[in-house]
Amino acid sequence: MGKYVFGVDIGGTTAKIGLLTEEGEKVELWEIPTRKENNGSSILSDVAESVKAKIAEKNLSSDDVIGIGLGVPGAVDADGMCLQAVNLGWSKLNVVKELEALTGFKVKAGNDANVAALGEQWRGGGQGHQNMLLVTLGTGVGGGIINEGKILTGATGSGGEIGHIHLVDDEPDACGCGNHGCFEQYGSATGAVRVAKRILVETTEDSVLRGKDFECKDVFDAAKKGDKVAVQCAEKYGYYLGKGIASVATVVNPEIIVIGGGVSKAGEMLFDLLMPSFKKYVFSGCSTAQFALAKLGNDAGVFGAARMLLY
């Protein structure tokens, strides 16, 4: 009989939990509410109880379980200390020691974006590649860097924050991090809308976007239908996206770059848009990276959390 591992991805609304085999086959996935009252003091105990209940339900013994992997929305250092997770109400909590004490199992923990990258490298869009860059395009730009099959965490667990590399000088608006001109301000879904709105101000040409409250998806949909202004907006967005990814790729030299998040639903069109500026700005020695779409969606964090136990 093979062994099993639990993967846990804690979000602001729910914690996703998975029971997987050590080969990465999904046995079962489920969710529990994330109770954030009292500074999230019940979150880890709720996870522990859910894990114990699943072990009993599946008639597993403690010896059948390798351990629990944990992804959290904050930086986690090498000792398992989560320095801060604002969305959960945590500040300086050693999540590894606490969950180990609650369950008796070995625990490993990491930042949720980095953990999701590991999941995509193991069982998703980056499968078969040891060096991978994950770029998640949603409300912000997230990312994770996998080097030789392991998460590149950095000194304090804050490695992979690709959304906050500097991309544009003289940007008047502040990024959520407080800086100006971050990649996230142009490459995210909200960034695509910002880029489009600025272009609409600069031109008087008719467009289905003009005079409407629109979202990132509307820009791409209109561009696919040939709306000239929307095409211009999409191309400008692609320019920023390619330039930002090129900057990261030049540093980490990935074999494959996996694009995920809500904007990735635009599909192969994204690659057509970003490749001209990617090729223009990337260092030649790093220009052979392949591109692929993410495959695991919201389950990437569960798979990646489990994978941490199997290094």
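In this predicted model, the residues lining the largest pocket divide into 26 polar, 14 nonpolar and seven charged. The space within the largest pocket amounts to about 1300 Å³. Of the 47 residues that form its lining, Pro 73, Asp 112, Ala 113, Thr 136 and Gly 142 are the closest to the centre. Two or more lining residues are given by each of the strands β1 (4-10), β5 (81-85), β8 (132-137) and β9 (141-147), and likewise by the helices α4 (112-123) and α10 (300-308). Among the contributing elements, α4 provides the largest share of the lining, with five residues.

Helix α10, which takes part in the lining of the largest pocket, may also be described by its burial. Eight of its nine residues are buried, and the helix is therefore largely enclosed by the rest of the structure. The buried positions of α10 are Ala 300, Gly 301, Val 302, Phe 303, Gly 304, Ala 305, Ala 306 and Met 308.

The largest nonpolar core comprises 49 residues, of which Val 135, Leu 137, Phe 220, Ile 245, Ile 257, Leu 270 and Phe 278 touch the most other members. At least two residues of this core are supplied by each of β8, β9, α6 (189-202), α7 (216-224), α8 (228-252), β11 (256-260) and α9 (269-281), and the greatest contribution, eleven residues, is that of α8. The surroundings of Ile 245 illustrate the packing: when neighbours within four places in sequence are left aside, Ile 245 is in contact with Leu 133, Val 135, Phe 183, Ile 257, Ile 259, Leu 274, Phe 278 and Phe 291. A second core, separate from the one just described, contains 32 residues, including Tyr 4, Val 8, Leu 60 and Val 96.

Aromatic rings were examined next. A pair of such rings is described by the distance of the centres and the angle of the planes. The count for this model comes to seven aromatic pairs. In one of them, formed by Tyr 186 and Tyr 240, the ring centres lie 4.7 Å apart and the planes meet at 35°, so the arrangement is classed as tilted. Because Tyr 186 belongs to helix α5 (residues 184-187) and Tyr 240 to helix α8, the pair ties together parts of the chain that are 54 residues apart in sequence. Both partners are buried, Tyr 186 with a relative accessible area of 2% and Tyr 240 with a relative accessibility of 13%. These two residues also belong to a cluster in which ring pairs link Tyr 186, Tyr 239, Tyr 240 and Tyr 281.

The pair formed by Phe 278 and Phe 291 has its ring centres 5.1 Å apart and its planes at 90°, so the geometry is edge-to-face. Phe 278 lies in helix α9 whereas Phe 291 lies in strand β12 (residues 290-293), so this pair ties together parts that are 13 residues apart in sequence. Phe 278 is buried, with a relative accessible area of 0%, and Phe 291, at 17% relative accessibility, likewise counts as buried. Both residues appear among the contacts of Ile 245 listed above.

Helix α9 also holds Met 269, which counts as buried at 18% relative accessibility, the limit for that class being under 20%. With residues up to four places away in sequence not counted, Met 269 touches Phe 220, Ala 223, Lys 224 and Ala 234. For one of these contacts, that with Phe 220, the C-alpha atoms are separated by 8.7 Å, although the two residues are 49 residues apart along the chain.

Two residues with positive phi values remain to be described. Asn 38, a residue other than glycine, has a phi near 55° and is found in helix α1 (residues 37-40), where, at 63% relative accessibility, Asn 38 counts as exposed. Asn 253, which is not a glycine either, has a positive phi of about 50°. This residue is located in the loop between α8 and β11, and at 41% relative accessibility Asn 253 counts as partly exposed.

Terms used
Residues are numbered from 1 along each chain as its sequence is written. This is a predicted model: local features need pLDDT of at least 70, side-chain atom pairs count only at pLDDT 80 or more; totals for chains, interfaces and linings use all residues. Side-chain values use heavy atoms; hydrogens and water are left out. On a 1 Å grid over the protein atoms alone, a cavity is a set of points where a 1.4 Å probe fits but cannot get out, and a pocket is an open set with protein on both sides within 12 Å along at least five of seven lines; lining residues have an atom within 4 Å of a point. Grid points are joined across faces, edges and corners, and a volume is the space filled by probe spheres set on the points. Helices (H or I, at least four residues) and strands (E, at least two) are DSSP runs, numbered from the N terminus. Ala, Val, Leu, Ile, Met, Phe, Trp, Tyr, Cys and Pro count as nonpolar, Asp, Glu, Lys and Arg as charged, and the others, Gly among them, as polar. A nonpolar core is a set of buried Ala, Val, Leu, Ile, Met, Phe, Trp, Tyr and Cys residues joined through side-chain atoms within 4.5 Å. Buried means under 20% relative accessible area, exposed over 50%, partly exposed in between (1.4 Å probe, protein chains only). Contact means heavy atoms within 4.5 Å. Rings of Phe, Tyr and Trp (its six-membered ring) pair if their centres lie within 6.5 Å; planes under 30 degrees apart count as stacked, over 60 as edge-to-face and the rest as tilted.
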